[in-house]
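Thanks for sharing this one. Here are a few notes to read alongside the coordinates.

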Amino acid sequence: MSAMPEESLREIAATNEPPRTLASPEFFFLLQRLDRLDEKLTKEIRDGDQKSEERISAVEQKLSQRIDTVEQKLSQRIDTVEQKLSQRIETVEQKLSQRIDTLDDKLGNLRFWAISAVITIAVGFIGTIATLLYK
């Protein structure tokens with residue numbers, strides 16, 4: 001057991017009688033045990049908190065790494081899709097330009113033909129009118 005408090009020892013020495021304190025040595029022994037238990041529990045709680053913080057930090061770090069990896073992959077995929085779309089748009093633009101050029105050529109030929117036809121008809125009418133006038 002633990003040593004008695006000083007008050008109890010002085011009282012025993014002065015009166016040669018058992019101490020008349022409110023607390024017995026067993027009570028002080030229990031108080032000391034409670035203090036030790038409290039210290040152990042406090043230490044275990046602190047250790048547990050520290051371990052929890054370490055685990056949380058590790059999980060946060062892993063999540064950050066995975067998020068970074070996913071962001072990189074998404075960026076690469078988006079870039080790939082943008083390149084494919086750009087290539088397809090350029091191909092469609094080239095095809096449209098070729099078709100427009102072809103249509104322009106056809107329209108140009110059609111205009112030339114139409115103008116030629118109008119001139120031919122006009123010359124024919126003029127010739128007919130001149131022939132009628134000379135008769």
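1. Searching the whole structure turns up one aromatic pair. Its members are Phe 27 and Phe 28, with ring centres 6.1 Å apart and planes at 75°, so the pair is edge-to-face. The cut-off behind that label is an angle over 60 degrees. Please keep in mind that this is a predicted model.

2. How accessible are the two partners? Phe 27 has a relative accessibility of 42% and therefore counts as partly exposed. Phe 28, at 27%, also counts as partly exposed, because the partly exposed class runs between 20% and 50% relative accessible area.

3. On secondary structure, the chain has two helices and zero strands. Phe 27 sits in helix H2, which covers residues 25–134.

4. Phe 27 has a second role in this note: together with Leu 31, Leu 34 and Leu 37 it makes a nonpolar surface patch of about 370 Å². So the residue appears both in the aromatic pair with Phe 28 and in the patch with the three leucines.

5. Turning to the chain totals, what share of the residues is buried? Of the 135 residues in the chain, buried ones make up 1%. The chain exposes about 12900 Å², and 59% of that area is supplied by carbon and sulfur atoms.

Key
Residues numbered from 1 in each chain as written. Predicted model: local features only at pLDDT ≥ 70, side-chain atom pairs only at ≥ 80, totals over all residues. Heavy atoms only, no water. Phe/Tyr/Trp six-rings, centres within 6.5 Å; stacked < 30°, edge-to-face > 60°. Buried < 20%, exposed > 50% of the residue type's maximum accessible area, 1.4 Å probe, protein only. Helix = DSSP H or I, 4+ residues; strand = E, 2+ residues; numbered from the N terminus. Areas by Shrake-Rupley, 256 points an atom, 1.4 Å probe, with all protein chains shown as cover. Patch = residues over 30% accessible without salt bridge, like charges linked within 9 Å, V, L, I, M, F, W, Y side chains within 5 Å. Salt bridge = Lys/Arg side-chain N within 4 Å of Asp/Glu carboxyl O.
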